[in-house]
Amino acid sequence: MLRAIRQKLDAVNYYSAERERTGWTRLREAALPVTLLITLPVVGLINLTVRQPVDGHEVTGTFYRSDHGSLIASFYDLENPSAATGATANFGRDHEGRRYAGSFTLRTQHADRGWPLVTSVQQLPLAGSVDLIGSSSRLNFRALTADHPAREAIDTAIEDARAPAVILTADRSVHETSPYPLRWVGSAMIWWALLYLGLSVALMAAELITTRIQRRIAFRARRLRKQGRCPSCGYDLRGLEFSERCPECGDLSW
Ligand SMILES: [Zn+2]
């Protein structure tokens, strides 16, 4: 029992003894401060590049065509259903005699930025789609130019406050806020750990591969020397035992 413990302690002492410092041990020691140094730029870069759009409220509405042909947007207001004017199938006209011209869906949206923790929030313009009668495909609201009739109709409805409160009060200016200072710290800690882990594994793999290659080269040189050949180029040196250098490659041969 005591002997077993002593053997264990010896083993611990052996493995924790100071090793000869090689280039590899120095690299491993440098990995911690180096990864710390690049952590903040990495977190900043990830905050810039990783963005996850998050939908807020969604509202819908219909388009009507006025008698002189222009489009009018009318929101469905769920909080105020009496204001909703759906297109009843009365030969394409509703009870006020307006001609149905299509429908639309709008979403408030923001983007969560950063990974693995959300480090900042970017406010985004309204998103959604527009379906116009006579148009073969559904249109992306964000892609509509400011003078597109559907866009103009919706903008006018919002300007005239003929839209639900979630749209009227939505912050649509594109800007970024950073409401989570602690998450920057958390993200930095996680990235430091990940980077350090990654670099350590890469260094270990590189060290393993180099030692293998070195061993293989040494093995080959030993084998060639045994066969009486130059350990660098394999040139047959039998009968040339007295020359110091290989006549083929000029390397020291013995
Ligand atoms: Zn040689």
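**Entry 1: the α2/α5 pair**

I started with helix α2 (residues 23-49) and helix α5 (residues 181-226), whose axes are 8 Å apart and make an angle of about 145 degrees. Note to self: this is a predicted model. I checked the hand of the α2 and α5 crossing too, and it is right-handed.

Next I pulled the residues that meet. From α2 I got W24, L27, R28, A31, L32, T35, L36, I38, T39, L40, V42 and V43. On the α5 side they meet W184, S187, A188, W191, W192, L195, Y196, L199, S200, L203 and E207. Sorted by class, the α2 contact with α5 has 17 nonpolar, four polar and two charged residues.

**Entry 2: stepping back**

I wanted the overall layout before going further. The protein has five helices and six strands, and along the sequence they come in the pattern α-α-β-β-β-β-β-α-α-β-α. How much of the protein is buried? Buried residues make up 17% of its 254 residues. I also looked at contact range: of the contacts with a separation of 6 or more, 56% are between residues 24 or more positions apart.

**Entry 3: what β4 pairs with**

I went through the partners of β4 (120-132) one by one.

- With β3, the pairing is antiparallel and runs over 11 bridges. L106 has G128 in β4 as its bridge partner. The two strands form a hairpin with six residues between them, and G114 in the turn has a positive phi of about 105 degrees.
- With β6 (residues 175-177), β4 also runs antiparallel, joined by three bridges. Here V121 is matched with T177 in β6.
- With β5, I found two bridges, again antiparallel. S129 stands opposite N140 in β5. This pair makes a hairpin as well, with six residues between the strands, and G134 takes a positive phi near 95 degrees.

**Entry 4: a closer look at A111**

I picked A111, which is found in strand β3. Buried, exposed or partly exposed? Burial needs 20 or more other C-beta atoms within 10 Å; A111 has 17 within that distance, so it is partly exposed.

I then asked which residues A111 touches, leaving out those up to four places away in sequence. The list is R51, Q52, P53, V54, Q122 and L124. I also took the C-alpha separation of A111 and Q123: 6.5 Å, for residues 12 apart along the chain.

**Entry 5: helix α3**

Last stop was α3, residues 149-159, where A150, R151, A153 and I154 are buried. Why do I call this one face of the helix? Looking down the axis of α3, the buried residues fall within an arc of 165 degrees, so they line one face. That made me recall the usual rule: an α-helix has 3.6 residues a turn, so residues three or four places apart point the same way.

What covers the buried residues of α3? The cover includes β1 (51-65), β2 (71-75), β3 (99-113), β4 (120-132) and β5 (139-140). So β3 and β4, the pair I had followed over 11 bridges, turn up again among the elements over α3.

One more backbone note: just after α3, A161 takes a positive phi of about 60 degrees. I filed A161 with the glycines I had jotted down for their positive phi, G114 and G134.

Definitions and conventions
Residues are numbered from 1 along each chain as its sequence is written. This is a predicted model: local features need pLDDT of at least 70, side-chain atom pairs count only at pLDDT 80 or more; totals for chains, interfaces and linings use all residues. A residue is buried if 20 or more other C-beta atoms lie within 10 Å of its own, exposed if 12 or fewer, and partly exposed in between; C-beta atoms are placed from the backbone. Helices (H or I, at least four residues) and strands (E, at least two) are DSSP runs, numbered from the N terminus. The arc is that of the directions from the helix axis to the C-beta atoms. Two residues are in contact if their C-beta atoms, placed from the backbone, lie within 7 Å. Axes are lines fitted to C-alpha atoms, for helices over the stretch in contact, and angles run from 0 to 180 degrees between N-to-C directions. A crossing is left-handed if the near helix is turned anticlockwise from the far one by less than a right angle, and right-handed if clockwise. Ala, Val, Leu, Ile, Met, Phe, Trp, Tyr, Cys and Pro count as nonpolar, Asp, Glu, Lys and Arg as charged, and the others, Gly among them, as polar. Two strands pair if DSSP finds at least two bridges between them.
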